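Here are my notes from a pass through this one, in no strict order. Have the viewer open while you read.

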Amino acid sequence: MAPIIHLVFFIINALVDLLWWAIVISAILSWLFAFEVINRRNQFVYNVATVLDRITDPILRPFRRFIPAIGGVDISPIIVLLLLRGVQIFILPALEAALIGPFG
């Protein structure tokens with residue numbers, strides 16, 4: 001049973017990593033759009049930005065309601081990134097150890 005639990009937590013950790021990178025890339029793209037380094041008229045850029053927005057907006061939206069922009073800068077991605085790392089470093093290993101204890 002323990003190898004299955006390890007596999008499940010490995011997959012969860014990988015998904016959290018992918019989400020972390022999606023938020024980082026989405027934030028960088030938003031800065032590049034804001035400073036007109038790239039534009040949304042490029043079809044590839046538009047598709048990438050749309051996919052990343054669809055992935056990250058449901059996670060960032062609740063935080064944007066409670067965290068105001070500071071000087072016009074949205075800091076909710078930073079807060080979410082910190083929370084995701086906290087989940088990876090503290091919560092997932094503790095939960096995995098708690099589950100493996102009875103089955104290990």
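How many aromatic pairs does the count come to? I'll start there and then go helix by helix; keep in mind that this is a predicted model.

1. **The aromatic pair.** The count comes to one. The partners are Trp20 and Trp21, arranged edge-to-face, with 5.0 Å centre to centre and 85° between the planes. The edge-to-face label applies because the angle between planes is over 60 degrees. Trp20 has a relative accessible area of 17%, so it is buried, while Trp21 comes out at 46% and is therefore partly exposed.

2. **A charge over Trp20.** Worth a look while you are zoomed in there: Arg85 places its charged end over the ring of Trp20. The distance to the ring centre is 4.3 Å.

3. **Helix α1.** Does the end-to-end distance of α1 agree or disagree with what its residue count suggests? It agrees, because 33 residues at 1.5 Å a residue should span 48 Å, and the end C-alpha atoms are 48 Å apart.

4. **After α1.** Glu36 follows α1 and sits in the loop between α1 and α2. Its phi is positive, near 55°, in a residue other than glycine. If you check backbone angles, that is the one I'd pull up. Glu36 has 69% relative accessibility, so it counts as exposed.

5. **The start of α2.** Asn42 caps the N-terminal end of α2. The contact runs from a side-chain oxygen of Asn42 to the backbone nitrogen of Phe44, at 3.0 Å. A little further along the helix is Thr50, where a polar atom of the side chain lies 2.7 Å from the backbone oxygen of Tyr46. At a relative accessible area of 19%, Thr50 is buried, because the cut-off is under 20%.

6. **The course of α2.** For its 24 residues the expected span is 34 Å, and the end C-alpha atoms are 33 Å apart, so the two agree. Where does α2 bend? The bend is at Asp57, by about 50°, and a proline, Pro58, follows within four residues.

7. **The buried side of α2.** Val45, Ala49, Thr50, Leu52, Thr56 and Leu60 are the buried residues here, and their cover includes α1 and α3. Leu52 makes a good example: this α2 residue has a relative accessible area of 11%, so it is buried. Setting aside neighbours within four places in sequence, Leu52 touches Ala22, Ile25, Ser26 and Leu29. The C-alpha atoms of Leu52 and Ile23 are 7.6 Å apart, with their positions 29 residues apart along the chain.

8. **The course of α3.** Helix α3 covers residues 76-103, and its 28 residues should span 40 Å; the end C-alpha atoms are 38 Å apart, so this agrees as well. There is also a bend in α3, of about 40°, at Val87.

9. **The buried side of α3.** The buried set is Ser76, Pro77, Val80, Leu81, Leu84, Gly86, Gln88, Leu92, Glu96 and Ile100. These residues pack against α1 (2-34) and α2 (43-66). As background for reading such a list, an α-helix has 3.6 residues a turn, so residues three or four places apart point the same way.

10. **Gln88.** Is Gln88 buried or exposed? It has 11% relative accessibility and therefore counts as buried. This residue of α3 has a side-chain polar contact with Asp17, at 3.1 Å. Beyond its neighbours within four places in sequence, Gln88 is in contact with Asn13, Val16, Asp17 and Pro93.

11. **Leu99.** Further along α3 is Leu99, at 34% relative accessibility and so partly exposed. Which residues does Leu99 contact, leaving aside neighbours within four places in sequence? They are Ile5 and Phe9. Leu99 and Ile5 are 94 residues apart along the chain, yet their C-alpha atoms are separated by 7.6 Å.

Note on methods: Residues are numbered from 1 along each chain as its sequence is written. This is a predicted model: local features need pLDDT of at least 70, side-chain atom pairs count only at pLDDT 80 or more; totals for chains, interfaces and linings use all residues. Side-chain values use heavy atoms; hydrogens and water are left out. Rings of Phe, Tyr and Trp (its six-membered ring) pair if their centres lie within 6.5 Å; planes under 30 degrees apart count as stacked, over 60 as edge-to-face and the rest as tilted. Buried means under 20% relative accessible area, exposed over 50%, partly exposed in between (1.4 Å probe, protein chains only). A charge sits over a ring if NZ of Lys or CZ of Arg is within 6 Å of the ring centre and within 35 degrees of the ring normal. Helices (H or I, at least four residues) and strands (E, at least two) are DSSP runs, numbered from the N terminus. The expected span of a helix is 1.5 Å times one less than its number of residues. The bend at a residue is the angle between axes fitted to the seven residues ending there and the seven starting there. Contact means heavy atoms within 4.5 Å. A polar contact is a pair of N or O atoms within 3.5 Å; within protein, one must be able to donate a hydrogen and the other to accept it, and residues adjacent in sequence count only if both atoms are side-chain atoms.
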